[in-house]
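These are my notebook entries on a single structure. I record what I looked up, entry by entry.

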Amino acid sequence: MVELNGEIDIPYGLYMEIANSNKKKPLKYLISHATYSCICKDGFVSVECEYQIRVFDTKVLGNNNYSKEGNHSISTKESIQLISQQSTILDSTIKYSNGSTGNSLRGSGGSDIENWDDGETVEATILTSGDYYYLHIGSAGRYYVKLLLSTPYLTTKEAGMNLPIPQCSNNSVFFSVPHKDANIKIFNSFIDQSNSSLISEKLKLLTSQLSTSSSPSRTTAFVKLANEKSLKVQWTVNDELNQNTDNNNNNNYNNNNKNNSLVPKLNVTVIQNNLCSIGEGLLSMKSHFDYKIIAGTLSLFNIEIENNINIINVEGIAIKKWEVLDKVNPSSSSSSSPSSSTGFNRVIQIQLDYGIENSYRFLITSEYSMKDTSGELSIPSMRCMGEEVSRQRGFLGVEARTNVEISDIGNEGLNVVDLKELPPQIRSMANHPILLSYKFLEPQFKLALKVKRNKDCAVLVSLVESMSWVTTVSYSGKMIHQMVLLIKNTQKQFLKIQMPWEYEIWSTTMDSEPIKPSIGESEQQLLIPILKPGFFDQNTPIKVEVVILQKQPHKFNSNGKGKFNFVVPKIDLPLRSIFCTVYLPPSSAFNCTGNVKNVDSFSLTPPSASNIIAHSMNMQKDSYYQQNDISSSFSKVGYKSARKAPVQTVFVEIPTTQTKMIFQQILLSGDKDLTFSFDYKLDQVKNYRNTNLNRGRTITINFILFVLLPILTFYYYFYLNRNNNNNNSYNNVEFVFESNPNTLDEKV
């Protein structure tokens, strides 16, 4: 492949291969309906899958080879992806129909399945490839596939299942768990009662083997599943049911060890990582809770909070809902622990979709109003509720968002630690330097802070890093100026330019794009927009170019001597450096004065004007691609609306000469007059007059030598000689008379 001017040249064969691969492939088969009947058992989930598959004939057969006999099938080899190999297939059934043995299975209620042919007659079989099971078929038609699977649980607590399935637009799922009033969640599903009679029959058939006196009550669910790639199910049960289930699962152990029967108790430890951000009269808190769950599962979390704190958001995995509730009896929930703070009268209740074991993390974002930007502040704390919580500890960091001074005026239950001892979670959440850092072993801590807001100091929001001022003076005294500025700006909307003379704007651009200036408070004040739209890097300077024609020309003296006085327009931004260049007619300059110094060469590279040719080529390319859009928009708004379109400025490049003077100065204030002047003497005045005189003399001499003299010479030799020859010829004429008087013979 060869890259030329941003384009890639590839072989035609490769292009056609890519183009053909991107074309929509014809549909070869369709899984019209899928049914999953799941029964939770001890150690695994028994899943019965039923698929109705239609395989289409994608081959074009000739009339000579095609037979219309009903018993003949069309040969079409295809492999259809079914389920993942995470499950084990215990039994499988494949039935085939070429369309003449009956209608679809659902339409007939399944009564005609016995009339279908066995799958072996058309070489249909189940194969494995990669991570999935495949149905390999050899003929087009209808297929009915029934699989009996053994699927493992997601966790050791047997409270979840995830089975990758083939894509089907109509999925029916029946699920049953051996718990009473369990909360079953089948992801991305919805309840459907359209086939309740058929499902009830299947329920009786599937649970007939489990209906014994010792079997527990079951919870069932029947839902419709969208076109998903996996069947994911989670369920939760109450603590009492979990305890009964654990006792039933440990019957063998209890019978053998009646004296040492111990039931593991749920134990939870919590680590809090809190970050407090203070500024502008608002305390923002981010509290990260890390739960370590031992010997059990949790699906509900309760956090005590104070009354004056506002909860913004709770973030975590599998959160079903969260809400802030008022405690009915604050003392009853924590009778064992001292609750001297009467402000803990609210609880954040976090409910999950399913039970969590081993570990769980969530983040609580809250805020507290200080009522003022300065004053004393008490940091609120949060406590985890529940008898299963055996220990709570954590860390606390304090940062300042604005220019406030924070000092510790008293704490209780906190130990000051070094910043390096804070966990990475707190340091990653901080957007500003952390000023105070603590750790605590109990969540009942107290921290009082004094916040003092200092006065704001004005800072520089806009700066002209570099400015180039170029002036060209013509023989007639007209002057054209070009101002090129590199500006760093964060807030300023307009650049104000105060003109010291009458002017006419020829061109204004910002980063090579035309912009429209405006007039300020007076006619001499020019406003240039410098705030770029959208998001941009404020550290990257923007380039503003202005081309100005000065209406008052400079008057040259007759002797070619005089003085130039230049005044650079004022701007309302500080200048880091300015570079001035003056292009003059052929002359000599001396006696330079002013607050901008004359130099032999610039110490830095001044900003240059944009390349007009390159920009015009880009504009032509953009206009070529947007021609249809522009014409269509004009046709919609009409001719009158098109005439009211905003006028864009043109790009102007000022001319230059071989004689120039350069001036430079650094660290200036733009609102002061920047002037420079010098005396001059034109070299062109005297030379111009002498040249005209010499040129006239040369023309006269050439005219006399090459025009007049040849004419006189020709006249002298041609006309005078002709007259002389005529006179001589008349003198030599002779007349001869013969004897015949009637004949006159003249002889010359």
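**Entry 1. Two loop residues**

I looked up Asn358 and found it in the loop between β22 and β23 (359-369); strands here are DSSP runs of E of at least two residues, helices are DSSP runs of H or I of at least four residues, and both are numbered from the N terminus. Asn358 is not a glycine, yet its phi is positive, at about 75°. Asn358 has a relative accessible area of 54% and is therefore exposed; the scale sets buried at under 20% relative accessible area, exposed at over 50% and partly exposed in between, with a 1.4 Å probe and protein chains only.

I then turned to Ala318, which lies in the loop between β20 (310-316) and β21 (319-326). Its phi is near 60°, again a positive value in a residue other than glycine. Ala318 counts as buried because its relative accessibility is 17%.

**Entry 2. Basis of the values**

I note that the model is predicted, that local features need pLDDT of at least 70 and side-chain atom pairs pLDDT 80 or more, and that totals for chains, interfaces and linings use all residues. Residues are numbered from 1 along each chain as its sequence is written, and side-chain values use heavy atoms, with hydrogens and water left out.

**Entry 3. The chain as a whole**

I recorded 10 helices and 47 strands for the protein chain. Of its 748 residues, 35% count as buried. The accessible surface comes to about 45900 Å², and 50% of this surface belongs to carbon and sulfur atoms; the areas come from the Shrake-Rupley method with a 1.4 Å probe, and for residues only the protein chains shown count as cover. Among contacts with a separation of 6 or more, 80% are between residues 24 or more positions apart; a contact means heavy atoms within 4.5 Å.

**Entry 4. Gln425 and His288**

Which residues does Gln425 contact, apart from its neighbours within four places in sequence? I found Asn273, His288 and Arg361. Gln425 belongs to helix α6 (residues 424-429) and, at 22% relative accessibility, counts as partly exposed. Its C-alpha atom is separated by 7.2 Å from that of Asn273, although the two residues are 152 residues apart along the chain.

The side chains of Gln425 and His288 make a polar contact of 3.2 Å; such a contact is a pair of N or O atoms within 3.5 Å, where within protein one must be able to donate a hydrogen and the other to accept it, and residues adjacent in sequence count only if both atoms are side-chain atoms.

I followed this contact to His288, which lies in strand β18 (residues 282-294). His288 is buried, since its relative accessibility is 14%. Not counting residues up to four places away in sequence, His288 touches Ile271, Gln272, Asn273, Asn274, Arg361, Phe362, Leu363 and Gln425.

**Entry 5. Strand β19 and its partners**

I took strand β19 (residues 298-305) next; it pairs with strand β22 (residues 346-356) in the antiparallel sense over seven bridges, and two strands count as paired if DSSP finds at least two bridges between them. β19 also pairs with strand β25 (residues 383-384), antiparallel over two bridges. Ile303 has a bridge partner in each of these strands: Ile348 in β22 and Cys384 in β25.

**Entry 6. Cysteines**

Cys384 is buried, with a relative accessible area of 8%. Cys276 is also buried, at 0% relative accessibility. I looked for disulfides and found zero; the criterion is a pair of cysteine sulfur atoms within 2.5 Å.

**Entry 7. Two open sheets**

I noted an open sheet of eight strands, in the order β35-β34-β38-β32-β31-β41-β44-β43, with mixed pairing. β35 (513-514) and β43 (597-598) stand at its edges; each has a single partner strand, so one side of each is left without a neighbour in the sheet. β43 pairs antiparallel with strand β44 (residues 659-669) over two bridges, and Asn598 has Phe663 of β44 as its bridge partner.

What is the order of strands in the open sheet of four strands? I read it as β36-β37-β33-β40, with antiparallel pairing. The edge strands are β36 (518-519) and β40 (570-571), each paired on one side only. Strand β33 (residues 494-498) and β40 run antiparallel and are joined by two bridges; Ile497 stands opposite Ile571 in β40.
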